[in-house]
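Thanks for sharing this one with me. Here are my notes, set out as numbered points so that you can follow them alongside the model.

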Amino acid sequence: MRQVRLEADGIVSYELVAAGGEALPAFSAGAHIDLHIPGGMVRSYSLVNDPAETHRYMVAVHRVPDGRGGSAWMHGVPRVGDDLRISAPKNDFPLAEDASLSILFAGGIGITPLLAMARRLSTLGRPWRLHYSARSPQHAAFLDELRVLTQHGGELDLRFNSMGVPRLDLARLVKDAPADAHLYCCGPRSMIDDFLAASASRPQATVHYERFAAGTDAATAGGFDVVLQHSGLRLHVLPGKTILDTLLDNDISVQYSCSSGICGTCRTGVIEGGPDHRDDYLTDQEKRENRSIMICCSGSRSKTLVLDL
């Protein structure tokens, strides 16, 4: 790691370079990397730097007081010069580079993938507008970079609660957007929900969003059994626990990352039973088919759930 920098209250950026100085795998705007944290945790962070850069990756992490440990570790442990293990970039939130207009809606740390998009659109000479909402200017990261980008054709609308500026009227902004514009949103759950409601009548190919947390709460009511098909092991999921918690408590190694039902890493096959789907990764059709479950957040509607494990 080459640099650690405070970007805003509670937000720190990290500049990562290859240990041997070689070029890094290319990425596209909206991409993220998975960062492996001691203790078996894996966390996904959006790349904020220019996609044209191959000599570095830059991510920004918001300290979440009641989070699951990833942000606390990132804010308290890594130092310049430390080695970190990461994945190659992946992109579940791609930018339509040929859009006549791109309208970006960011809330708080949701600015991270949208900043890379604004950089790319500026490079391409494509028009864009960014509506950026945060608690205060002190809580808004990358303001200087965004203001520079507006000199290359972009438009920036800043909304800070502390300054009495009215909150984003997503319904109006979406309604007024040209029919062929592509819309992107990343921010807190309530903002994403409002954005999706406002965009429901638009062509879905032009509506893009990325959640940093699931839109519904995890299923933690417990009271059902999970059977592992390969070994026949039966485990009881207690109230307050998820399926993932139960597996890890019993030293069963499974892949997982976001722990929020948004990344797809913990997707597991269902052999028998009725899942209680709580994720934002599976499509509605996949949920109806009940062939897969996100074990980090989903539960069971049946007394027994047989998994392909």
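Is Tyr57 buried or exposed? Tyr57 is buried, at 1% relative accessibility, where buried stands for under 20% relative accessible area, exposed for over 50% and partly exposed for what lies in between (1.4 Å probe, protein chains only).

1. A word on the ground rules. This is a predicted model, in which local features need pLDDT of at least 70 and side-chain atom pairs count only at pLDDT 80 or more, while totals for chains, interfaces and linings use all residues. Residues are numbered from 1 along each chain as its sequence is written, and side-chain values use heavy atoms, with hydrogens and water left out.

2. The overall fold. The protein has 18 strands and seven helices; these are DSSP runs numbered from the N terminus, with at least four residues for a helix (H or I) and at least two for a strand (E). Its radius of gyration is 20 Å, close to the 19 Å that the globule rule gives for 309 residues, so the protein is as compact as a globular protein of that length. That radius is taken over C-alpha atoms, and the rule is 2.2 Å times the number of residues to the power 0.38. Along the principal axes, the C-alpha trace spans about 60 × 50 × 35 Å.

3. Burial and contacts. Of the 309 residues, 50% count as buried. Among contacts (heavy atoms within 4.5 Å) with a separation of 6 or more, 63% are between residues 24 or more positions apart.

4. The aromatic pairs. You will find three of them in the structure. Rings of Phe, Tyr and Trp (its six-membered ring) pair if their centres lie within 6.5 Å, and planes under 30 degrees apart count as stacked, over 60 as edge-to-face and the rest as tilted. One of the pairs is Phe27 with Tyr57, edge-to-face at 5.9 Å centre to centre and 80° between the planes. Phe27 lies in the loop between strand E2 (11-16) and strand E3 (32-37) and Tyr57 in strand E5 (residues 57-62), so this pair ties together parts that are 30 residues apart in sequence. Phe27 is buried too, with a relative accessible area of 8%.

5. Another edge-to-face pair. The ring centres of Phe93 and Tyr184 are 6.1 Å apart, with the planes at 70°. Phe93 sits in the loop between strand E6 (85-86) and strand E7 (102-107), and Tyr184 in strand E10 (residues 182-187), so the pair links parts that are 91 residues apart in sequence. Both residues are buried.

6. Ser46 and Leu47. Ser46 belongs to strand E4 (residues 41-46) and is buried, with a relative accessible area of 6%. Beyond neighbours within four places in sequence, the contacts of Ser46 include Met58, Thr112, Glu210 and Phe212. Leu47 lies in the loop between E4 and E5 and is buried at 0% relative accessibility. With the same neighbours within four places set aside, Leu47 is in contact with residues including Phe27 and Tyr57, the two partners of the aromatic pair in point 4.

7. Asp194. This residue is in helix H5 (residues 189-198) and is partly exposed, with a relative accessible area of 36%. Not counting residues up to four places away in sequence, Asp194 touches Arg167 and Leu170. From Asp194 to Thr268 the C-alpha distance is 30 Å, with their positions 74 residues apart in sequence.
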